[in-house]
Amino acid sequence: MADFYQLLGVSRSADADTLKRAYRKLARQYHPDINKDPGAEEKFKEIGRAYEVLADPDTRARYDQFGEAGLGGAAGMPDMGDMGGFADLFETFFNGFGGQGPQSSRTQRRGPQQGDDLRYDLNIEFKQAIFGEQREIKIPHLETCLTCKGVGAKPGTGPTNCSTCGGSGQVRRATRTPFGNFTQVAECPSCAGVGQIISDPCLTCGGNGVKQVRKKLRINIPPGVDTGTKLRVSGEGNAGPKGGPSGDLYVFIKVRKDSKLRRDGINIYSEISISYLQAILGDTVAIDTVDGKFELKIPGGTQPNSTLTLDNKGVPRLGNPVARGNQEVLIKVKLPTRINEEERNLLEKLASHYSTHNQTTNSGLFSKFFGKDS
Ligand SMILES: [Zn+2]
Ligand SMILES: [Zn+2]
């Protein structure tokens, strides 16, 4: 990666005005509409990126201290904390609808000013968050006007060089003072420093170069997302004015609850009720898992409120779906509140059997000391 100061041809102590001038000069030189050399567009993008970083005092300070690594992805990118290091990975999950993906719109003219990032809130079902799904969403955003390709001029016409400044974007004002004549350089008031003027605006976009569109997007939601996960869809924010690059779209995920299964991170929690006989003797019971019904084997002697763990029946780890969490099944044991005559007889028989064979229990001790059985 080239040094941003070197790219713009300025010293590390350059002030904001020097940076701006250097950037404008180079941007005009390498603008893909003007410069048809191979590599010009790439250079134009690099210059734009360098200026984007250095023009903002915060990102410039970080760049000065840590270099490109201090910028953490695109400048001005929101915090991706809960997504760990996978933010960039998700960009590749998304593609446009009807053949026109984000890449094709990105190869159009790029100007210095980037469009806004957008937020879209998406509710998804419990199981779809676990295994991922493809969703079609409609987002309103600004797109580069196709009629004028973002230039803002009526087709057939084009921006003309500003007559006030002759295309340089700057005007010089001579000031006469008692100490002599001074020349002051200022931004051209006619073209706001762009150097070009649109005299015949595009009718589709009114000269803005952008228009409001509802776009259909098909997004792939990766397995393992949770409430609070943000997915970045690169280049689907608002298009920048005057053919500037688009911002990004951030899809904020919210996951609906399930009536039987509860989720915490990559683990699933559920509970079942079994009878005291099933707890004592063991049994096999059909339970709900995210993979569907599962025959859970309950071992004999299972204690009330104990937990059985089902390995790999949890949620796939976001970004690494091969790794899955577990399902923890809490066992509730029901005791009958009333029993019939036959059951009472059987239980009493069991109780007397128990007391003669187990001398360590209270009932056993009772009979030992008071001689009930003798
Ligand atoms: Zn237009
Ligand atoms: Zn001008």
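**Loops, helices and sheets of the predicted chain**

Ala192 counts as exposed, because it has 11 C-beta neighbours inside 10 Å. The residue lies in the loop between β6 (180-187) and β7 (196-197). Its phi is near 55 degrees, a positive value in a residue other than glycine. Most residues other than glycine have a negative phi. The model is predicted, and the values reported here are computed from it.

A second loop residue also has a positive phi. Asn312 is found between β15 and β16 (316-317). The phi of Asn312 is near 65 degrees, and the residue is not a glycine. Asn312 is exposed, since 12 other C-beta atoms lie within 10 Å; a residue with 12 or fewer is classed in this way.

Overall, the protein chain comes to ten helices and 18 strands. Of its 374 residues, 24% count as buried. Among contacts between residues at least 6 apart in sequence, 64% join residues at least 24 apart.

Confidence varies along the chain. The mean pLDDT is 82. A pLDDT of 70 or more is reached by 84% of the residues. Two stretches stay under 50. One covers residues 73-112, for which the model has 70 contacts beyond four places in sequence. Another covers residues 364-374, with nine such contacts. Where pLDDT is low, the predicted coordinates should not be read in detail.

Helix α2 spans residues 16-30. Its 15 residues reach 21 Å from the first C-alpha to the last. This is close to the 21 Å expected at 1.5 Å a residue. The buried residues of α2 are Ala22, Tyr23, Arg24, Leu26, Ala27 and Tyr30. They pack against α1 (4-8) and α3 (40-55).

Helix α4 has ten residues, and the number buried is one, so the helix lies largely in the open. Just after α4, Gly67 takes a positive phi of about 75 degrees. Leu71 is found in the loop that leads from α4 (57-66) to α5 (87-91). Is Leu71 buried, exposed or partly exposed? Leu71 counts as partly exposed, because it has 17 C-beta neighbours inside 10 Å. The class of buried residues requires 20 or more. Leu71 touches Val53, Thr59, Arg62 and Tyr63, leaving aside residues up to four places away in sequence. One of these partners, Thr59, is twelve residues from Leu71 along the chain. The two C-alpha atoms are separated by 6.7 Å.

Strands of a sheet pair through backbone hydrogen bonds, either parallel or antiparallel. One open sheet has three strands, in the order β2-β10-β9, with mixed pairing. The strands β2 (118-124) and β9 (230-233) stand at its edges. Each has a single partner strand, so one side of each is left without a neighbour in the sheet. Neighbouring strands of this sheet are turned by 25 degrees against each other on average, direction ignored. Strand β10 covers residues 249-255. It runs antiparallel to β9, and four bridges join the two. Within this pair, Val233 has Leu249 of β10 as its bridge partner.

Another open sheet has four strands. Their order is β11-β12-β18-β15, and the pairing is again mixed. The edge strands are β11 (262-264) and β15 (307-310), each pairing on one side only. The twist averages 30 degrees from one strand to the next. Strand β12 covers residues 267-275 and pairs with β11 in the antiparallel sense. Three bridges connect β11 and β12. In β12, Tyr269 is the bridge partner of Arg262. The edge strand β15 also borders the loop that holds Asn312.

Strands β13 and β14 form a hairpin with two residues between them. The strands cover residues 283-289 and residues 292-298, respectively. They run antiparallel and are joined by seven bridges. Thr289 stands opposite Gly292 in β14. In a regular strand the side chains alternate between the two faces of the sheet.

Technical notes: Residues are numbered from 1 along each chain as its sequence is written. Chains are lettered from A and ligands numbered from 1 in the order in which they are written. This is a predicted model: local features need pLDDT of at least 70, side-chain atom pairs count only at pLDDT 80 or more; totals for chains, interfaces and linings use all residues. Two strands pair if DSSP finds at least two bridges between them. Axes are lines fitted to C-alpha atoms, for helices over the stretch in contact, and angles run from 0 to 180 degrees between N-to-C directions. The expected span of a helix is 1.5 Å times one less than its number of residues. Two residues are in contact if their C-beta atoms, placed from the backbone, lie within 7 Å. pLDDT is the predictor's confidence in each residue, from 0 to 100.
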